[in-house]
Amino acid sequence: MAPSIRFTQRAARSSTALLAQSLTRQQCPRLPRSLPVKRYNSSTPTTPTTPALHSPPSTSAPVTPSTPAASSSTSSAPVTPPTPAASSTSSSYSAPRRASYGAFRAKILLYSTILATSGYLAYFYATDTRASVHQWLVPRLIRTIWPDAEDAHDVGVKAMKSLYPVNLHVRERSGANANAGLGLSVFGHPLANPIGISAGLDKHADIIDPLFALGAGVVEVGGCTPLAQPGNPKPRMFRVPGIDGLINRYGLNSHGADDMAMRLRNRVRLYARANGLTEAEVLNGEGAVPPGSLAHGRLLAVQIAKNKDTPEQDVGAVSRDYTYCVSRLAPYADILVVNVSSPNTPGLRDLQAVEPLTEILSAVVDEARRADRKTKPKVMVKVSPDEDEEAQMEGIVQAVWRSGVDGVIVGNTTKRRVGVVPPGVAVTAKEAATLGETGGYSGPMMFNRTLNLVKRYRKMLDGQSLALTQPGADGKRAVHDEKKDIVDEAVGASLGGIEGTPTGMVEDDITKTPLSKRSTRSRETVDGSRNQKVIFATGGISTGEQALQILNAGASLAMVYTGLVYGGRRHGYPH
């Protein structure tokens, strides 16, 4: 066969195949692309017959692939398209798939909503101080996992420090008006409530803001010494769970005054930057918050102490220890607390005698008044519950008035073990051995002693105020020292004017006088003057009723610590 004829035949076969494929796709788009195409034998005419476009498709014969043997006999048969039944079957197959996909999406949406809602509710519950899990589960879990009390304390501090920046910390979520009846004023500052947290829980000023978030009106950090010191050897903290008690002999372990000052200053700087202020403006009160707490209705107290190596016989050296701490920490504190009552520093309690205590407190007050800010920090002294003889207490009261100190924190841990076990309570052999450990004890059985001391100090302090305001033979007021001309705000003046609030008043029979009448008698108690010294109380307070008794006995603030260890914020923090 000539080459031109062969070329013409190939072209014809190719064009016919392409045309058949095109027609098949138009008539049946759902069929696969590999539909059989009629092949033409070389013996067929050069121009093949093209199927008529107008002829209807045949439905009698199925579409089958053509073979070379049959191609010559079926060369004129048209390509058979799919039947309408095939299209309906495909459509009915797609509908269930679409329905199942929609149901799947609905399930995913439902599960996601349930998960998000559950997570939010769990977060809301777990970060609320009122959640019972903080009373019944968390403290017991911590004590089980970390048998050593100091290890558990360190873990708790680290957890609070880590959770606060990511907003996962425990906080008080009561309404804005829930504690409206507990508001009061101390040192001229409004307080949200009369509850505080004692020093020792936050020794190095690591968790100030998380502690304020629990709802405390006052947070006391420290004690802080001039130079860093490790404290006593471990173990140095012990639990007595049968009576909810603690024994510690930390020995004032501290990172030093410079370290704490750096932490407090960084906190002030961060607040100033966040509120568009300078550091000086915040310290001078232009941020409308106290420069220590940096929060409305709160006050920050910083406890200071002498180094263990400083001999207590050298009162001058001891005074320099305290004044160094004041010079570094006074700008960032609302209240400075002079600790002369720790039972774990040898010789420290000897400084509670009249002369050395007066010299130390006078030096602290003078240094505090040189603080580089507009409003100076107040100064309080923390006294021991073991110094409860009349002469000892009178000496402390004299030192307070002579030095110009603003108030007294009544209570600390005790060396005594008499009366710490409630009647009818049997302690285990292990707990009995723990009670024999050296150190200071704290727990619920300290409450009665604290209450008694508050009443006695209130009467003595106000009695000393009366003596100072009595006119002498020459008609002038008797004054022991120039510092007596400096009049400090008193809790009686600030609290007594608030009708119906729990106040610390002096009463001969405090329990028989209605609360609403005590504010009037308080102003008359001090001969019309407003020179009352402020009293904070700590020791054994674990319920709201006990806190109210302390306040009615003459204190302005009830402070807690050990109750938080055993019952969490819900149980150990009076409502």
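**Exercise 1. Packing of two helices**

In which sense, left-handed or right-handed, does α11 pass α12? Determine also how the two axes are oriented and which residues make the contact.

*Solution.* The model is a predicted one.

Step 1. Two packed helices are described by the angle between their axes and the distance between the axes. Here, helix α11 covers residues 354-368 and helix α12 residues 390-403; their axes come within 8 Å and cross at roughly 30°.

Step 2. Angles under 35 degrees count as roughly parallel. The crossing angle therefore makes α11 roughly parallel to α12.

Step 3. As to handedness, the crossing of α11 past α12 is right-handed.

Step 4. On the side of α11, the contact is made by V354, E355, L357, T358, L361, S362 and V365. On the side of α12, G395, I396, Q398, A399, R402 and S403 take part.

Step 5. Sorted by character, the residues of this contact between α11 and α12 comprise six nonpolar, five polar and two charged.

**Exercise 2. An open sheet**

Establish the strand order of the sheet that contains β5, β6 and β11, and identify the strands at its edges.

*Solution.*

Step 1. Strands of a sheet pair through backbone hydrogen bonds, either parallel or antiparallel. In this case three strands form an open sheet, ordered β5-β6-β11, with antiparallel pairing.

Step 2. The edges are occupied by β5 (237-240) and β11 (440-442); each has a single partner strand, so one side of each lacks a neighbour in the sheet.

Step 3. On average, and with direction ignored, neighbouring strands of this sheet are turned by 20° against each other.

Step 4. Strand β6 (residues 245-248) is joined to β11 by three bridges, and the two run antiparallel. Within β11, G440 is the residue opposite N248.

**Exercise 3. A covered strand**

How many residues of strand β4 are buried, and in which sense does β4 pair with β3?

*Solution.*

Step 1. Strand β4 spans residues 218-224, and seven of its seven residues are buried, so that the strand is mostly covered, buried meaning under 20% relative accessible area.

Step 2. Strand β3 (residues 195-197) pairs with β4 in the parallel sense, over two bridges. I197 has V219 of β4 as its bridge partner.

**Exercise 4. The chain as a whole**

Summarise the secondary structure, burial and contact range of the protein chain.

*Solution.*

Step 1. The protein chain contains 18 helices and 13 strands.

Step 2. Of its 575 residues, 48% count as buried.

Step 3. Among contacts in the protein chain with a separation of 6 or more, 74% involve residues 24 or more positions apart.

Notes
Residues are numbered from 1 along each chain as its sequence is written. This is a predicted model: local features need pLDDT of at least 70, side-chain atom pairs count only at pLDDT 80 or more; totals for chains, interfaces and linings use all residues. Side-chain values use heavy atoms; hydrogens and water are left out. Axes are lines fitted to C-alpha atoms, for helices over the stretch in contact, and angles run from 0 to 180 degrees between N-to-C directions. Helices (H or I, at least four residues) and strands (E, at least two) are DSSP runs, numbered from the N terminus. Angles under 35 degrees count as roughly parallel, over 145 as roughly antiparallel, 65 to 115 as roughly perpendicular and the rest as oblique. A crossing is left-handed if the near helix is turned anticlockwise from the far one by less than a right angle, and right-handed if clockwise. Contact means heavy atoms within 4.5 Å. Ala, Val, Leu, Ile, Met, Phe, Trp, Tyr, Cys and Pro count as nonpolar, Asp, Glu, Lys and Arg as charged, and the others, Gly among them, as polar. Two strands pair if DSSP finds at least two bridges between them. Buried means under 20% relative accessible area, exposed over 50%, partly exposed in between (1.4 Å probe, protein chains only).
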